[in-house]
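Open the model in your viewer and keep the sequence beside it. The stops below are meant to be selected one after another.

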Amino acid sequence: MDSDSSNIRLFNVSKRYGAKYALKDVSLDIKKGEFVALMGESGCGKTTLLNIIGCLHPLTDGEYFLDGENIGEVRDDYTLAFIRNKMMGFIFQQFNLFSRLTALKNVALPALYAGTEKGIREEKATSLMKSVNIEDRASHKPTELSGGQQQRVSICRSLINNPDIILADEPTGALDSKSGIEIMEIFIDLKKKNKTIIMVTHTAEVAKYADRIIFMRDGKAVNNNYKLTSNY
Amino acid sequence: MKLEIIKMALESLLANKTRTILSMLGIIIGVSTVIAVFAIGQGAKKAVDDQFQGLSANSILVMAMRGKTESSKLKTADSKVIVENCQHISSATAVIQENMAVSFESEDGTFGILGVENNYFEMSNIEIDKGRLISEEDMDNNEKAAVLGSGVAETLFLEDEEIIGKNIKINGKTIEVIGIVKETGRSMGKSSLDDSVFLPNSMAEKSILGSKAFIMIFTIADDVENIEIASKEIVSSLRTEHQLRDSQADDFRIMDAGAMVGAAQDAAALMSLLLTAIAAITLLVSGIGIMNVMFVTVAERTKEIGIAKAIGGKRGDILSQFLLESVVLSMIGGVIGIIIGNSVIFIFRNTELITLAPSLIGIIIGFSFSVLVGVFFGFYPALKASRLDPVDALRSE
């Protein structure tokens, strides 16, 4: 793989809790605009890998290059928060929206942390919500939305600061199959907009939307270039 | 940005109204207490000032020994003994005092009855408003004549009523009103001078108060510098007059103006200090309450903190959000405390129970303390929240 065009490059990355390795010598390249699925059994290290890529976890060993910059040794909270805020967007299985805030304010929250002016961030949030057809739910609280709508709000939130990388942890895990397909269609649109998507999933039905699948077992990437024959 | 975070803090506080109100209670009580303390302190100072207003720095007061009024030989005539025998005393006047019921027709009330000498008014800077003051003749003839304080006149008589020459009753005795003095706003002992009836002390002692009434003799030294020597002269002349042997203690006590004001101010300051200590303890306890509530809040919202960190919230953002919550909590408590404290002052300031004077310093200090409590006790929970590991926080339920 051509590492120059890599958006994300991990080299022998390990993550250890005490004596136990959650990740062991994982090396991979993910190109800009690539849609990658992480698959494997529970406890194989998929989410740990996603958290390391998302700068939520410090790595124990190895190197992590983001757009060519080695950020594996960065421990400064301000820099890590900046990377998470500007360069990445997170999407969670349980949506993780703030229950007290309206859908619009949830979407705009990362922009608030980025210091964007209120008018601009709300305009951006409204436009994003329009693009996934939930603009009429802007003033509703998360509890007043369906699972599919909440996940769309969460997707809009991940995009508000226009990051290059989208990290999704089981994004369809809490949704019915119809809503799941709709979310995957949004992901395909994002890929077309040259966003790098890294998605943890259990199901082949969802993984088939990805360009390739990285299979993991016991903290190791056993196959990082698997492709399902049937595609979207 | 900050405004938005303040709004979020308010929304979070409103989401748990009962807890917010309960945790504010301590601050409310603390700030109300601070405000009340200052009002009581100011009130006590004002009461001391009122009591001793008009008392010149070279005044010396002679009284029967505390609790020994009956066994003391101090009598009204001692004022003349003091003036005659003390070289450094320029004037002296005796006052006997008791509270009694006074009536005019169907109106009545309890007022201070002051038996005074004719020079009392001049020495106390009390001026006549209507009629005349007590004269030497009134003294000599034991006239049943009364000069009323302005408050007594207002209570017993109608506004436009001709008062001079009317007969009032004190302890069943009929006394003619000969004058009304101007409002002074001062008090003597427990009685307000405005709510007092002044009688010639010879008549008052004989016909109304009897010989057991509380006796005071006001004297004026010829110079402030001579207070000490004048006091010694008084002691010497009264001991001779009372025929006390060397082995016997004085049956009277002497206080000069400085000592009187100082003692009263010390008592007022001590009371303020005690109340301030109570207010400080209340605020400390309320601060611990806020800290406790903030820890519970942080524990409850651990997942929220994880999400905020995942979407780019910096430690500073989390710290300021939780800190602002505790500060907003304590500030609202402070404002409510100010309102309640001042309402209590407003209610009680017009009663006889206690002298209260509203104090701006009390409000400023009370409010500042409430904010300080919020910052101080909110900081540690907020710091703990900001340092949570994002992945651990996200995992919590």
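The tour goes through two hairpins and then a chain contact.

This is a predicted model, in which local features need pLDDT of at least 70 and side-chain atom pairs count only at pLDDT 80 or more, while totals for chains, interfaces and linings use all residues. Residues are numbered from 1 along each chain as its sequence is written, and chains are lettered from A and ligands numbered from 1 in the order in which they are written.

Select residues 61-66 of chain A, strand E4, together with residues 69-70 of chain A, strand E5. Helices (H or I, at least four residues) and strands (E, at least two) are DSSP runs, numbered from the N terminus. E4(A) and E5(A) run antiparallel and are joined by two bridges; strands count as paired if DSSP finds at least two bridges between them. Leu66(A) stands opposite Glu69(A). Two residues lie between the strands of this hairpin, and Asp67(A) has a positive phi near 50°.

Next, select strand E9 (residues 212-217) and strand E10 (residues 220-226) of chain A, an antiparallel pair with four bridges. Arg217(A) has Lys220(A) as its bridge partner. This hairpin has two residues between its strands, and Asp218(A) in the turn shows a positive phi of about 50°.

Now show chain B as well. Which residues make the contact, and how many come from each chain? Chain A gives 20 residues and chain B gives 16, where contact means C-beta atoms, placed from the backbone, within 7 Å. On the chain A side, helix H2 (77-86) and helix H3 (103-113) are the elements that give two or more residues. H2(A) gives the most, with five residues.

Conventions
Two residues are in contact if their C-beta atoms, placed from the backbone, lie within 7 Å.
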